[in-house]
Structure formats: structure tokens, C-alpha cells
Amino acid sequence: MAALPRVHQAPRSPGKAMVKETKFFRKQADKAERMSRSASDVEIAQNFQNMARAYRAQADVMKAKRKAEKKRRDA
């Protein structure tokens, strides 16, 4: 079996990656909320709502970390 070629990624700045990840988590939260509204089962709808809250919380934590890092760099 032939080995697959390796994919080399260019190094990224940590701040830029976090912005994309924060945006990703917020989009996932929006999707989870939409899914909760379309779910016919109450328990499933609640699970999607919980998932949306968790995604938003994770995005908020990442945003706070980014803000703290920027503050340290500027100081």
C-alpha cells in the first residue's frame, strides 16, 4: 500500500487561528439553536439548547483569552 503524501501547513499566528475558532463556535451555536427549534422531542430540543450554550461559552472564553494576550503584548 502506497503511503499518502504529507500535507505541510504554513505556520499560523495564534491570534488569527483563535478568531477563526471563535467564529466557528458561534456558528455551531447558531446551528444548535436552529436544530433545537426544529426538534419535535422536548429532551432533544433541550440538549441542542445546552449545546448552543456550551459553544457560546467556549467562544467567550477564547475571546477573553485573546483579549488578555493582546493586553499583555501591549503592556
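Here is a short walk through helix α2 and the salt bridges that involve it. Keep in mind as you look that this is a predicted model.

Let's start with α2 itself, which covers residues 42-74. Its 33 residues reach 48 Å from the first C-alpha to the last, close to the 48 Å expected at 1.5 Å a residue. At the N-terminal end, D41 acts as a cap, with a side-chain oxygen 2.7 Å from the backbone nitrogen of E43. The buried residues of the helix are A45, F48, A52, A59 and M62. N47, also in α2, counts as partly exposed because its relative accessibility is 43%. If you look across from N47 to A32, the two C-alphas are 8.9 Å apart, with their positions 15 residues apart in sequence.

Now for the charged side chains. Side chains of opposite charge can pair when their charged atoms come close. A search of the whole structure finds 3 salt bridges. One of them joins R26 and D60, whose closest N and O atoms are 2.7 Å apart. R26 sits in helix α1 (residues 14-38) and D60 in α2, so this pair ties together parts 34 residues apart in sequence. R26 is partly exposed at 28%, and D60 is partly exposed at 42%.

R56 is a good place to pause. Its side chain meets that of D30 in a salt bridge of 2.6 Å, N to O, linking α2 to α1 across 26 residues. R56 also forms a salt bridge with E33, at 3.1 Å; E33 lies in α1, so this pair ties together parts 23 residues apart in sequence. Through shared partners, D30, E33 and R56 join into one network.

Notes: Residues numbered from 1 in each chain as written. Predicted model: local features only at pLDDT ≥ 70, side-chain atom pairs only at ≥ 80, totals over all residues. Heavy atoms only, no water. Helix = DSSP H or I, 4+ residues; strand = E, 2+ residues; numbered from the N terminus. Buried < 20%, exposed > 50% of the residue type's maximum accessible area, 1.4 Å probe, protein only. Expected span 1.5 Å × (residues − 1). Polar contact = N/O pair within 3.5 Å; in protein donor to acceptor, adjacent residues only side chain to side chain. Salt bridge = Lys/Arg side-chain N within 4 Å of Asp/Glu carboxyl O.
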